[in-house]
Every structure is written in C-alpha cells, then in structure tokens.
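Q: I am new to this structure and would like a close look at one part of it. Please start with a single spot, then walk me outward from there.

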Amino acid sequence: MPNFITVAKVTDLKPGQAKMIMAGGHQIALFNVGGVFYATSNVCLHMGGPLGDGDLSDQIVTCPWHGWEYDVKTGECLTSPALKVQTYQVQVNGDEVQIALWVHKKWLLLNLFEKHLWKVVTIKLLQSLLK
C-alpha cells in the first residue's frame, strides 16, 4: 500500500497550473488539469529542466528549457516516445492534495539515476549526430 503525503491544498493550484514540490527527497511536478491533479518527476529527461515550471496545455507540459513535451497523465515523452518520466499516484483528501511515494520496481533505477539520465540521453543524441 502506498504512503500518501500531503503536498498542497486544492486551492494552491488553479486548473492549467503547475508547480514544483519536494517530497521524500524527490523533485516532483504537480499539475492541475481541469480540476484533476497529476504528478510526475520534475526532471526533464532531455537536460534536466524543471517540468513544474513548464507551460501546461490540457494534459501536455512543455519543458521550459528546450521544449520537450510530456503527457502528465502517463509520463510519456511526446518528443521521444521511448522515454517516460516517473508518474506518482495522486489523491484528494478533503482540501489536501496527496501523492503516493510508493515506487514501482520498474522505476526504481530511474529514481536512483534521474539526475544523471539526461547526460546519457544527450551523449546518445550527440553520438547519432556525429555518425
């Protein structure tokens, strides 16, 4: 069973808004999509940009650094579909927005290395350009 922790009040984030929060040592981007809350890793997989500072259009957030796009409901990267940012389960309890810090096993490695993953992606992109 996941451990839910309160990260915001419902009134802190209007529909169409996003913000970065810290929870359990993780940088998490919190989004309000039409009154429904979603949470992903705050770290863009391209070069580590802050997704919580990005522009949110419907359920798509655009990284403010280089324009990589992600579906906040699924974590899917629209710019590079083989990649996904971690998503977190969200629930609203009264006026509190809560996220689950339970991590799926398939995301454990990504959690450990998310700060360095952008380097690997960048190196692979550079290698493909130099061919």
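**Starting from one strand pairing**

A: Let's begin with a pair of residues: Ala39 stands opposite Tyr88, which belongs to strand 8. Please keep in mind that this is a predicted model. Strand 4, which covers residues 36-41, is joined to strand 8 by two bridges, and the two strands run antiparallel. They belong to an open sheet of four strands, arranged in the order 2-3-4-8 with antiparallel pairing. At its edges are strand 2 (18-23) and strand 8 (87-88), each of which pairs on one side only.

Now for the nonpolar residues. The largest nonpolar core has 15 residues, and Phe31, Leu51, Tyr70 and Val72 are the ones that touch the most other members. The biggest contribution to this core comes from strand 3 (residues 26-33), which supplies three residues. Our starting residue turns up elsewhere: Ala39 is in a second, separate core of twelve residues, which also includes Ile21, Ile28 and Ile99.

Tyr70 of the largest core deserves a visit of its own. Apart from neighbours within four places in sequence, Tyr70 is in contact with residues from several stretches of the chain, including Cys44, Leu45 and His46, then Leu51, then Gln59, Ile60 and Val61. Also among the contacts of Tyr70 are Gly75, Glu76, Cys77, Leu78 and Val85.

Two of those contacts are cysteines, Cys44 and Cys77, which brings us to the question of sulfur bonds. The structure holds zero disulfides. For Cys63, the nearest cysteine sulfur is that of Cys44, 3.8 Å away; a disulfide needs the two sulfur atoms within 2.5 Å, so this pair does not count. Cys77 is no better placed, because its closest cysteine sulfur, in Cys44, is 6.8 Å away and too far for a bond. Both unbonded residues are tucked inside: Cys63 is buried at 4% relative accessible area, and Cys77 is buried too, at 0%.

From here we can move along the chain to a hairpin. Strand 9 and strand 10 pair in the antiparallel sense over four bridges, and one bridge partnership is that of Val92 with Val97 in strand 10. Two residues lie between the strands of this hairpin, where Gly94 takes a positive phi near 70°.

The same stretch brings us to the salt bridges, of which the structure holds two. In one, Lys9 meets Asp95, with 3.9 Å between the closest N and O atoms. Lys9 lies in strand 1 (residues 4-9) and Asp95 in the loop between strand 9 (90-93) and strand 10 (96-100), so the bridge ties together parts 86 residues apart in sequence. In the other, the side chains of Lys9 and Glu96 come together, again at 3.9 Å from N to O. This pair also links distant parts of the chain, with Glu96 in strand 10 and Lys9 in strand 1, 87 residues apart. Together, Lys9, Asp95 and Glu96 are linked in a network of salt bridges. How buried or exposed are these three? Lys9 is partly exposed, with a relative accessible area of 34%. Asp95 is also partly exposed, at 44%, and so is Glu96, at 25%.

Notes:
Residues are numbered from 1 along each chain as its sequence is written. This is a predicted model: local features need pLDDT of at least 70, side-chain atom pairs count only at pLDDT 80 or more; totals for chains, interfaces and linings use all residues. Side-chain values use heavy atoms; hydrogens and water are left out. A nonpolar core is a set of buried Ala, Val, Leu, Ile, Met, Phe, Trp, Tyr and Cys residues joined through side-chain atoms within 4.5 Å. Buried means under 20% relative accessible area, exposed over 50%, partly exposed in between (1.4 Å probe, protein chains only). Contact means heavy atoms within 4.5 Å. A salt bridge is a side-chain nitrogen of Lys or Arg within 4 Å of a carboxyl oxygen of Asp or Glu. Two strands pair if DSSP finds at least two bridges between them.
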